[in-house]
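Reader: I would like a close look at one part of this protein. Please take the salt bridges and the strands around them, and go step by step.

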Amino acid sequence: MRLRRQHLAAVIASLASLYAPTVRASDRLATIVPPGIVSVRPSGPTVPENLLRISLRFAIAPTAPVLRRLALIGPDDRPVADPFLDQELWSPDGKVLTVLLHPGRLKTGLIAHDALGAALVDGEVIRLTLDGRELHRWRVQPRDETGPQTRDWQLPPLPVGRRESVDVRLDAPIDALEVDYLAVIDAQGRRVPGRAELLDGETVWRFSPARAWSAGPFRLIVRATLEDPAGNRLNDRFEAPAGALAKRALDAMLPLRTCAIRTNPCSASSGARLMPP
């Protein structure tokens, strides 16, 4: 009887192994695939040919490297060769990954640029993928050699007595991770509490105050280190001419107007003057 039971157990084990699902390589990979991606920045439909950085925000911090599984796919459905700098830059909470396009392919006159050419080509459509799954696509535009120009920003009037958000329309997209490089301050130079966010492809800075607006005066302060997606800083360029002297970094100070009658708002103002940081 004992031998029969052992034989039956062996038969059952053999059948179980035959019908057990096989573990494919893709299934093993699925165990380390990072959780859902919340956003990809730049979020707009276009990027400049000299795009410097891309950032991805995850719902949960990934526990495995991501960079090697990212790819830029060109119009011929082939991956762009070596587009990224081999370094993962993570936010303190581990949820935001910033990858840099290889600076050597961005700056003209360097060996990598001359040997491999630019990673992005004006006029082409480029796709960002993770494990072959498309995350975002952009149409490439000409190189951007000019940093943010605050003189071209559109500043809304602040509605006195109301706790309403205001939208500052920028001249071009800024880096998505630098939303807090702008701030509203009061007459005493104190930062007005509230929440800021970037919208419309990072071309609109929206500020929602924690309290109703008072009569002011208020100013919008812009840090000198504010950059656009190509790495150009406020009133400065990422690719400076050889031998050019570094410019002194200056924060921008933009006066904000207030309007007491919301139904008849003041006209929007623009322009700025510079202050040392």
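**Salt bridges and their surroundings**

Author: Start with R137 and E134. They form a salt bridge, and their closest N and O atoms are 2.9 Å apart. This is a predicted model, so every value here is computed from predicted atoms. R137 has a relative accessible area of 46%, so R137 is partly exposed. E134 comes to 31%, so E134 is partly exposed too. The structure holds 15 salt bridges. We will visit a few of them.

Next, look at D167 and R206. Their side chains meet in a salt bridge, with 2.7 Å from N to O. This pair links distant parts of the chain: D167 sits in strand 10, R206 sits in strand 13, and 39 residues separate them. D167 has 22% relative accessibility. The cut-off for buried is under 20%. D167 therefore counts as partly exposed. R206 has 27% and also counts as partly exposed.

Now see the sheet that holds these two strands. The sheet is open and has 3 strands, in the order 10-13-12, with antiparallel pairing. Which strands stand at the edges? They are strand 10 (166-169) and strand 12 (194-199). Each has a single partner strand, so one side of each is left without a neighbour in the sheet. On average, neighbouring strands of this sheet are turned by 20° against each other, direction ignored.

Stay with strand 13, which covers residues 204-209. Strand 12 runs antiparallel to strand 13, and 6 bridges join the two. R206 appears here again. R206 is the bridge partner of E197. So R206 has two roles to trace: a salt bridge with D167, and a strand pairing with E197.

Move on to R190 and D186. They form a salt bridge as well, with the closest N and O atoms 3.0 Å apart. D186 has a relative accessible area of 13%, so D186 is buried. Some salt bridges also share partners. In this way R53, D175, E227 and R233 are joined into one network.

Turn to strand 11, residues 182-185. L182 and V184 point one way from the strand. A183 and I185 point the other way. Are these four residues buried or exposed? All are buried. Strand 11 pairs with strand 14 (residues 218-222) in the antiparallel sense, over 4 bridges. Within that pairing, A183 has I221 as its bridge partner.

Strand 14 leads to the last stop, D228. Where is D228 placed? D228 lies in the loop between strand 14 and strand 15 (251-256). D228 has 2% relative accessibility, so D228 counts as buried. What does D228 touch, apart from its neighbours within four places in sequence? The contacts are R53, D144, T146, G147, P148, P173, I174 and D175. Two of these names are familiar: R53 and D175 belong to the salt-bridge network.

The side chain of D228 also meets the backbone. One of its polar atoms lies 2.9 Å from the backbone nitrogen of A230. For the backbone nitrogen of N232, the distance to a polar atom of the D228 side chain is 2.9 Å. Finally, compare sequence with space. D228 and L51 are 177 residues apart along the chain, and their C-alpha atoms are separated by 9.0 Å.

Conventions: Residues numbered from 1 in each chain as written. Predicted model: local features only at pLDDT ≥ 70, side-chain atom pairs only at ≥ 80, totals over all residues. Heavy atoms only, no water. Pairing = 2+ DSSP bridges. Axes fitted to C-alpha atoms, helices over the stretch in contact; angles between N-to-C directions. Buried < 20%, exposed > 50% of the residue type's maximum accessible area, 1.4 Å probe, protein only. Contact = heavy atoms within 4.5 Å. Polar contact = N/O pair within 3.5 Å; in protein donor to acceptor, adjacent residues only side chain to side chain. Salt bridge = Lys/Arg side-chain N within 4 Å of Asp/Glu carboxyl O.
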